[in-house]
Amino acid sequence: MGPGSFLSAAAKQAEQLRKDGNNYFKKDRFGAAIDAYTEAIALCPNVPVYWTNRALCHRRRNDWLKVEEDCRRAIQLDYNSVKAHYMLGLALLQKQELDEGVKELQKAMDLGRGANPKGYMVDEIWQELAKAKYMQWEHASSKRSWELQILKEACETALREKHFLDDSQPEGFLDEGSISHMKQLETLRQVFSEAGEADIPGEVPDYLCCKITLDIFRDPVITPSGVTYERAVILDHLQKVGKFDPITREPLDQSQLAPNLAIKEAVQAYLDKHGWAYKTD
């Protein structure tokens, strides 16, 4: 038997072990599934799906250190692995490495957009990413609010001290200097109020939301009729309801959907400025 035949036999055996692992996983036999995937890895260590499958088992066992290890190896083999970046992000969040976890989840989100519907997991990734990004915003917002309040108080104190030094009029008498001082204080308060407006939750503009779910877009696609939908939602409509645009009623096929990059960028710009919009109900 030549080297090629040996490799082919090993690959077939590894693939059978993967299938065995999948069956064990479906029955919640995670230990047996891990053993099967480990044997597959020993035979064919350069197949990334074996590593991500084993990582998924470790995830179900909450063994996040092993999830991280397997996902990092899978990413070395396939940098475009959505599942590897996703689970690595979750593992890093478990370690309280918020910034790095968000980076990995964002990478998974970017790779997952437009993926094959069978492996489409953008909504699942978004839920975890949104929670992490909202947590980031909460921390940053609290810090900004505290810093603005300290700065505002310092500016008000400085203005009052300046007015006190400049003021030569009797108490209770409003001269031009006193009026100017009051206007300066009011202007100062207005400036600081406007500086904090971005952190005050409000309503997301309609054009950034799906017309069906009314939620902010994750993966917007546009139809030939010019209507933008959330990809998962319109795909579900086409599959379960019928091949037509739910608003215009025009005939519509999945192949006619195109990413709406302008809306995607507008959504990201809005979220960057209004982190509270990441909050999911």
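Modeller: In this predicted model, a residue is called buried when its relative accessible area is under 20%, and in helix H3 that word applies to Tyr-50, Trp-51, Thr-52, Asn-53, Arg-54, Ala-55, Cys-57 and His-58.

Biologist: How do you know that the span of H3 agrees with its 13 residues?

Modeller: The expected span is 1.5 Å times one less than the number of residues, which for the 13 residues of H3, residues 48-60, gives 18 Å, and because the end C-alpha atoms are 19 Å apart, the two values agree. Just after H3, Asn-62 takes a positive phi of about 60 degrees.

Biologist: What makes the contact of Asp-70 and Arg-54 a salt bridge?

Modeller: A salt bridge needs a side-chain nitrogen of Lys or Arg within 4 Å of a carboxyl oxygen of Asp or Glu, and the side chains of Asp-70 and Arg-54 meet at 2.8 Å, N to O, so the pair qualifies. The two residues link distant parts of the chain, with Asp-70 in helix H4 (residues 64-77) and Arg-54 in helix H3, 16 residues apart. Both Asp-70 and Arg-54 are buried, and the structure holds 15 salt bridges.

Biologist: Why is Glu-68 called buried, and why is Lys-95 called partly exposed?

Modeller: Glu-68 has a relative accessible area of 9%, and because buried means under 20%, the word fits Glu-68. Lys-95 has a relative accessible area of 41%, which lies between the cut-offs of 20% and 50%, so Lys-95 counts as partly exposed.

Biologist: What makes Lys-95 a salt-bridge partner of Glu-68, and where do these two residues lie?

Modeller: The closest N and O atoms of Lys-95 and Glu-68 are 3.1 Å apart, and because the limit is 4 Å, the pair forms a salt bridge. Lys-95 lies in the loop between helix H5 (82-94) and helix H6 (98-112), whereas Glu-68 lies in helix H4, 27 residues apart.

Biologist: How do you know that Lys-95 also forms a salt bridge with Glu-97?

Modeller: For Lys-95 and Glu-97 the closest N and O atoms are 3.4 Å apart, which is within 4 Å, so this pair meets the criterion too. Glu-97 is partly exposed, with a relative accessible area of 31%. Through shared partners, salt bridges join Glu-68, Arg-72, Lys-95 and Glu-97 into one network.

Biologist: Why is Asp-78 called partly exposed?

Modeller: Asp-78, in the loop between H4 and H5, has a relative accessibility of 28%, and because this value falls between 20% and 50%, Asp-78 counts as partly exposed. Asp-78 and Val-47 are 31 residues apart in sequence, while their C-alpha atoms are 8.8 Å apart in space.

Note on methods. Residues numbered from 1 in each chain as written. Predicted model: local features only at pLDDT ≥ 70, side-chain atom pairs only at ≥ 80, totals over all residues. Heavy atoms only, no water. Helix = DSSP H or I, 4+ residues; strand = E, 2+ residues; numbered from the N terminus. Buried < 20%, exposed > 50% of the residue type's maximum accessible area, 1.4 Å probe, protein only.
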